[in-house]
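Work through the following exercises with the sequence and the model side by side, and try each task before reading its solution.

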Amino acid sequence: MLNFLQRFRNQAMRHDEVDSDWSALGLPLENVETDQQIARYGSYGKLIVRLAWEQFNEGKLDDAINNTSVLIEDTNLQHNANYVLVLGAAYYVRGLAYEEKEDRRNARANFQAALKLIPNYEFARRAFARVQN
């Protein structure tokens, strides 16, 4: 089994696939950043979100939670408006993983955090409504 770093490198080598279809997350993450450093770090963030999304869909909920937590706890993302979509997607995926684990409190907190960053994030809004009851 490939470890996290090996999977990250494999994904990076398939860069043409990275921005292929983000519609499943409900955010326009395919936007191209102009500054090289922002683009590079944004690509890293999108790769981690994509990996976590795949892990979620494969039922590897703890892995999805751990990988999204890496991004959420990254101060470079927290304090830079250029990464709001990536950070919002990380909260959303982590919330879905918690919801699947039937941890409604953590799911609710993550969906709420995604909505705080992206108030019009419809997928997070629907998910938040699901875990309210």
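The exercises below go from the overall fold to salt bridges and then to a single residue.

This is a predicted model, in which local features need pLDDT of at least 70 and side-chain atom pairs count only at pLDDT 80 or more, while totals for chains, interfaces and linings use all residues. Residues are numbered from 1 along each chain as its sequence is written, and side-chain values use heavy atoms, with hydrogens and water left out.

**Exercise 1.** Describe the secondary structure of the protein and how much of the protein is buried.

Solution. Begin with the DSSP runs, where helices (H or I) need at least four residues and strands (E) at least two, numbered from the N terminus; the protein has eight helices and zero strands, giving the pattern α-α-α-α-α-α-α-α along the sequence. Next, apply the accessibility classes, in which buried means under 20% relative accessible area, exposed over 50%, and partly exposed in between, with a 1.4 Å probe and protein chains only; of the 133 residues, 44% count as buried.

**Exercise 2.** Examine the salt bridges formed by R50, K60 and R130, and classify R50 and R130 by accessibility.

Solution. Start from the criterion, a side-chain nitrogen of Lys or Arg within 4 Å of a carboxyl oxygen of Asp or Glu; the structure holds five such salt bridges. R50 pairs with E54, with the closest N and O atoms 3.6 Å apart, and both residues lie in helix α3 (residues 36-57), four residues apart, which is about one turn of the helix. R50 counts as buried because its relative accessibility is 18%. K60 pairs with E58 at a closest N to O separation of 3.2 Å. Finally, R130 pairs with E99, the closest N and O atoms being 2.8 Å apart, and this pair links distant parts of the chain, with R130 in helix α8 and E99 in helix α6 (residues 84-100), 31 residues apart. R130, at 44% relative accessibility, therefore counts as partly exposed, and E99 falls in the partly exposed class because its value is 21%.

**Exercise 3.** Which residues does Q132 contact, leaving aside its neighbours within four places in sequence?

Solution. First locate Q132, which belongs to helix α8 (residues 122-132). Then take contact to mean heavy atoms within 4.5 Å; with those neighbours left aside, Q132 is in contact with R104 and R108. As a further distance, the C-alpha atoms of Q132 and A107, which are 25 residues apart along the chain, are separated by 9.7 Å. Lastly, Q132 counts as partly exposed because its relative accessibility is 42%.
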